[in-house]
Amino acid sequence: MKVTAIGTGYVGLVTGACLAEMGNHVVCLDVNPEKIRVLNDGEIPIHEPGLLEVVRRNVAAGRLQFTTDVDMAVQHGTLLFIGVGTPPDEDGSADLQYVVAAARSIGQRMTDYKVIVDKSTVPVGTADKVRAAVKEELEKRGLGDMAYAVVSNPEFLKEGAAVDDFMKPDRVVIGSDDEQATLLMRALYAPFNRTQDRMLVMDVKSAEFTKYAANAMLATRISFMNELALLAERVGADIELVRRGIGSDPRIGYQFLYAGAGYGGSCFPKDVKALVKTAADNGIPLKVLTAVEEANERQKRVLVDKVVARFGDDLKGRRFAIWGLAFKPNTDDMREAPSLVIIDELTRRGATVAAYDPVSMPETARVIGPRDDVTLVERAEAALQGADALLIVTEWKEFRTPDFDAIKSTLKAPIVFDGRNLYDPKLMKTLGIDYLGIGRG
């Protein structure tokens with residue numbers, strides 16, 4: 001099938017590459033010429049395990065190409081996936097200007113039946129806005145009777161595992177009220193459903209709602225455990241043992257029950273805010289999700305609270321090592337990363353920071369800019385030099401079994417603040433390291 005993916009970020013690029021992998025002819029469109037240059041040079045503008053290999057393989061096979069030519073991209077695809085950004089507005093609502101602009105571009109150029117697929121995470125009612133934008137542009141051209149369909153197909157991709165998630169989906173949600181569009185979407189996703197039909201077809205608004213509901217539920221589990229961790233620490237319980245105890249209940253399960261330094265990224269913070277705003281606009285205050293958001297903002301400061309409790313509020317002359325900057329492992333994404341809050345809180349109190357991340361150093365440098373109080377180092381061990389303590393913020397695999405003797409001998413004092421509970425407190429005590437985790441009693 002002929003497919004166009006509009007936008008070459010996490011959603012658009014993964015979607016386009018994985019659909020090409022199944023034999024479709026895919027054109028990926030982006031208005032950013034630098035992104036297209038990078039892609040045409042055989043590289044990718046994001047860090048996502050396995051994606052580069054898929055992109056290169058399908059470009060070589062002639063099934064995948066990249067362009068800034070809007071006319072060509074719209075004419076190419078029967079199915080046009082909109083995978084552009086929906087950043088939060090100041091009031092928390094999703095900014096749909098890029099989605100609507102993409103829809104208008106389609107309406108200005110289409111000459112035959114198109115299925116326009118909302119792949120971006122968008123609030124309920126977005127398909128109506130897309131449909132109206134396309135219709136308006138067609139009417140300007142005197143083509144108001146031209147047939148087209150607007151479908152919701154929300155993505156459920158985890159950064160760091162997006163290729164696997166797309167190739168082996170646990171569900172494919174399709175929101176459609178057009179029979180022909182539904183048949184085309186079924187045919188497109190058939191190769192991903194050979195062993196089991198994972199496709200869930202529903203009305204458009206329910207599909208749009210499903211994506212927000214899923215992310216809000218996962219964010220709720222994280223904030224719930226983070227709140228319990230604060231209480232566990234106060235009463236002397238170990239939240240890791242509690243996690244195992246409740247996770248063994250099949251009604252609960254183990255996923256997203258890890259206490260830590262708060263969630264970040266491009267999805268959970270934005271989607272919780274957007275759902276809360278949608279509810280407020282409809283006169284339904286979501287008290288639970290409002291509390292989830294508040295709890296997460298507090299959790300991003302928990303490690304700093306522990307540092308202040310140990311060293312005092314005035315941190316002038318103190319230096320801290322930070323391991324992990326991206327909001328999660330296996331990505332270079334710094335959006336809403338807890339590390340940014342931690343760095344700002346430490347330096348605001350007069351401290352300096354030496355920070356290391358296996359992947360996100362260039363992105364971190366871009367986000368924070370040149371700073372005298374923050375040094376980005378190329379090796380984890382280098383961050384320890386002259387530091388008063390180590391803070392672990394992101395749970396990269398290489399941090400799971402470090403050289404504890406080196407940590408102990410290199411730091412000014414053997415103090416570790418672990419925002420991801422990577423280590424056994426009893427082991428750390430045996431090693432002579434002063435260890436402060438999250439909710440470890």
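# A tour from pocket to loops

Start with the second largest pocket, whose volume is about 1400 Å³. Its lining has 49 residues, and those closest to the centre are Gly 9, Tyr 10, Lys 35, Gly 85 and Arg 335. Select these five to place the pocket in your view. Keep in mind throughout that this is a predicted model.

Now colour the helices of the lining. α1 (10–21), α4 (70–76), α5 (97–109), α11 (268–281) and α15 (361–368) each supply at least two lining residues. Which of the elements gives the most to this lining? Select α5: with five residues, α5 is the top contributor. Colour by residue type next. The lining of this pocket splits into 24 nonpolar, eleven polar and 14 charged residues.

**Next stop: the cavity**

How many cavities of 30 Å³ or more does the structure hold? There is one. The largest cavity contains about 40 Å³ of space. To find it, select Asp 118, Ser 120, Thr 121, Val 122, Ser 152, Asn 153, Pro 154, Ala 207, Glu 208 and Lys 211, which line the cavity. Helix α9 (residues 204–235) gives the most to this lining, with three residues. By type, the cavity lining divides into three nonpolar, four polar and three charged residues. Leave α9 displayed; this helix returns at the next helix stop.

**Helix α11**

Select 268–281, the range of α11. You have already met α11 as a supplier of at least two residues to the lining of the second largest pocket. Check the length of the helix first. Its 14 residues should span 20 Å at 1.5 Å a residue, and the end C-alpha atoms are 20 Å apart, so the two agree.

Is α11 mostly covered or mostly uncovered? Mostly covered: ten of the 14 residues are buried. Show them as sticks: Phe 268, Pro 269, Lys 270, Asp 271, Val 272, Ala 274, Leu 275, Val 276, Lys 277 and Ala 279. Note that the buried set includes Lys 270, Asp 271 and Lys 277. Now bring in the neighbours. The cover over the buried residues of α11 includes α9 and α12 (287–299). Step just past the end of α11 to Gly 283, where phi is positive, at about 75 degrees.

**Cysteines**

Select the cysteine sulfurs. How many disulfides does the structure hold? Zero. Take Cys 28: its closest cysteine sulfur is in Cys 18, 10 Å away, and so too far for a bond. Cys 28 is also buried, at 0% relative accessibility. Cys 267 is in no disulfide either; the nearest cysteine sulfur again belongs to Cys 18, at 16 Å.

**Pro 338 and its surroundings**

Move to helix α14 (residues 338–348), where Pro 338 is placed. Pro 338 is buried, with 2% relative accessibility. What is Pro 338 in contact with, leaving aside its neighbours within four places in sequence? Select Ala 261, Gly 262, Tyr 263, Gly 264, Lys 300, Phe 327, Val 393 and Arg 420. Add Arg 301 for a distance check. Arg 301 and Pro 338 lie 37 residues apart in sequence, with C-alpha atoms 8.1 Å apart.

Now look at Glu 336, in the loop between β9 (319–323) and α14. Glu 336 is not a glycine, yet its phi is positive, at about 60 degrees. This residue is partly exposed, at 35% relative accessibility.

**Two loops by α18**

Go to the loop between β13 (415–418) and α18, and select Asn 421. Here is another positive phi outside glycine, at about 55 degrees. Is Asn 421 buried or exposed? Buried: its relative accessible area is 8%.

Cross α18 (425–430) to the loop that joins it to β14 (434–436), where Gly 432 sits. Gly 432 is partly exposed, with a relative accessible area of 35%. Beyond its neighbours within four places in sequence, Gly 432 is in contact with Lys 408 and Pro 414. Finish with a long distance line. Draw it from the C-alpha of Gly 432 to that of Met 185: the two residues are 247 residues apart along the chain and separated by 59 Å.

Methods:
Residues numbered from 1 in each chain as written. Predicted model: local features only at pLDDT ≥ 70, side-chain atom pairs only at ≥ 80, totals over all residues. Heavy atoms only, no water. 1 Å grid on protein atoms, 1.4 Å probe; cavity = no way out; pocket = protein on both sides within 12 Å on 5 of 7 lines; lining within 4 Å. Points joined across faces, edges and corners; volume = space filled by probe spheres on them. Helix = DSSP H or I, 4+ residues; strand = E, 2+ residues; numbered from the N terminus. Nonpolar A, V, L, I, M, F, W, Y, C, P; charged D, E, K, R; others polar. Disulfide = S-S within 2.5 Å. Buried < 20%, exposed > 50% of the residue type's maximum accessible area, 1.4 Å probe, protein only. Expected span 1.5 Å × (residues − 1). Contact = heavy atoms within 4.5 Å.
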